[in-house]
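Okay, everyone, thanks for coming. I'd like to walk you through one structure today, so let me put it up on the screen.

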Amino acid sequence: MSSRSGSTTYAGEETKRVAIVGGGLVGALNACFFAKRGFQVELYEARKDIRIAKDARGRSINLALSYRGRQALKAIGMEDQIVSKGIPMNGRMIHSLSGSKSSISYGTKDQYILSVDRANLNRTLLFAANQYPNVKLNFETKLQHCSADKGILTFIRPDGTTCEVSHDLVVGCDGAFSTTRKQFMRQARFDYSHVYIPHGYMELTIPPKNGDFAMEPNFLHIWPRNTFMMIALPNLVSINNFAIQTTWLRKSCPYTSIKLFS
C-alpha cells in the first residue's frame with residue numbers, strides 16, 4: 001500500500017478503471033472515494049456541468065444532512081466546508097390546522113441536522129472530485145448501452161455521435177430512472193421491482209420577510225394533513241436575503257389549492 005497526492009493506493013488497484021454513471025450527489029461522492037483509493041475514475045453525466053450551467057435541472061429544495069451524511073463528507077475531507085454553509089435545524093416545527101405550532105427536538109440541545117443547499121453541495125463535490133489527478137469528468141454524455149459482462153459502455157453526445165469505453169467496474173449512480181439499471185435488467189434472473197407512490201410532488205418558496213426568514217429558521221417545518229403534507233426547510237439565498245423552501249405532497253394532481261395549510 002502506498003500513499004500519494006492525498007490518496008491511498010492498494011496493491012493491484014492502481015490500474016483498475018472505474019466508470020461512474022451519474023454526476024449527482026451520489027456519483028460525485030463516489031468519485032472522491034474511489035479516487036482516494038487510487039482507482040482511475042471516469043464520471044459520466046447526461047446533464048450539463050452544473051458548476052457552470054445556468055439552467056441546471058434537478059430538485060432544488062435543500063437537503064437535510066444528518067450524522068451519516070456528515071461522516072461520508074468527513075471521510076473525503078469535506079465535512080467542515082459543507083457544514084459551515086448549512087443552517088442548523090434543532091427539531092421539527094409542527095403546524096396544526098388551527099394555526100398553532102409545537103416543536104419536537106431531534107435530541108439534546110446541542111444535537112441538530114443541517115439544511116444544506118443541494119445544488120451547492122453537488123457543485124462542491126464535483127470540484128473536489130476534479131482535484132484528483134486520477135479523475136476525469138464527462139458531461140452531456142448520456143449512457144445508451146452497457147455490457148455488464150464485458151464492462152463496455154456506449155455513450156451518446158449532444159451532436160448525436162457515440163463513444164465506446166471499457167472499464168473494470170461500472171457504478172450506477174444515475175437516479176430513479178437509472179439507465180444503468182435498465183441495462184442490467186436485460187440480464188437473465190435479474191430481480192427488480194418498481195412501485196410508484198400515489199402522491200404528486202411540487203416545490204414552493206416562501207420568500208423573505210423584511211430581509212429575514214418569514215418563520216423560525218432553525219426548524220424543519222411540517223404541515224401534516226392526513227393524506228398529504230407540506231414540509232419546509234430554511235435556505236440561505238444570499239446575505240440579508242433568506243427564503244424558506246417547501247415541498248408539497250398530495251395524492252390528487254394537478255395541484256389546485258393550498259388553502260388547507262395555515
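**Strands, cores and two odd loops**

Let's start with a single pair: in β9, L63 has V116 as its bridge partner. Before I go on, the housekeeping: this is a predicted model, so local features need pLDDT of at least 70 and side-chain atom pairs count only at pLDDT 80 or more, while totals for chains, interfaces and linings use all residues. Residues are numbered from 1 along each chain as its sequence is written, and side-chain values use heavy atoms, with hydrogens and water left out.

Overall, the protein has 5 helices and 18 strands; these are DSSP runs numbered from the N terminus, H or I of at least four residues for helices and E of at least two for strands. Of its 262 residues, 39% count as buried, where buried is under 20% relative accessible area, exposed is over 50%, and partly exposed is in between, with a 1.4 Å probe and protein chains only. Take contacts between residues at least 6 apart in sequence: 62% of them join residues at least 24 apart. Contact here means heavy atoms within 4.5 Å.

Back to β9. Antiparallel to it runs β5, joined by 3 bridges; two strands pair if DSSP finds at least two bridges between them. Strand β6, residues 87-89, also pairs with β9 in the antiparallel sense over 3 bridges, and M89 stands opposite I113 there. Which way do the β9 side chains go? I113 and S115 point one way, L114 and V116 the other, and all are buried.

Now the largest nonpolar core. By that I mean a set of buried Ala, Val, Leu, Ile, Met, Phe, Trp, Tyr and Cys residues joined through side-chain atoms within 4.5 Å. There are 32 residues in it, and I20, F34, V41, L73, L125 and V135 touch the most other members. Elements supplying at least two residues each include β3, α1, β9 and α4. The largest share, 6 residues, comes from α1.

L125 is worth clicking on: leaving aside neighbours within four places in sequence, L125 is in contact with L25, A28, L29, C32, L73 and I76. Apart from that core lies another, of 9 residues, among them Y44, L143, F155 and C163.

L125 sits in α4, where L121, N122, T124, L126, A128 and A129 are buried too. Those buried residues of α4 pack against α1, β5, α2, α3, β9 and β10.

F155 and C163 come up again in an open sheet of 3 strands, antiparallel, in the order β11-β12-β13. Why is one side of β11 and of β13 left without a neighbour in the sheet? They stand at the edges, so each has a single partner strand. Strand β12, residues 152-156, is joined to β13 by 5 bridges, and F155 stands opposite C163 in β13.

Last bit, backbone oddities. Most residues other than glycine have a negative phi. E140, in the loop between β10 and β11, has a positive phi of about 50° although it is not a glycine. R189, in the loop between α5 and β15, also has a positive value, near 65°. Buried or exposed? R189 is exposed, with a relative accessible area of 85%, while E140 is partly exposed at 35%.

That's my tour, thanks.
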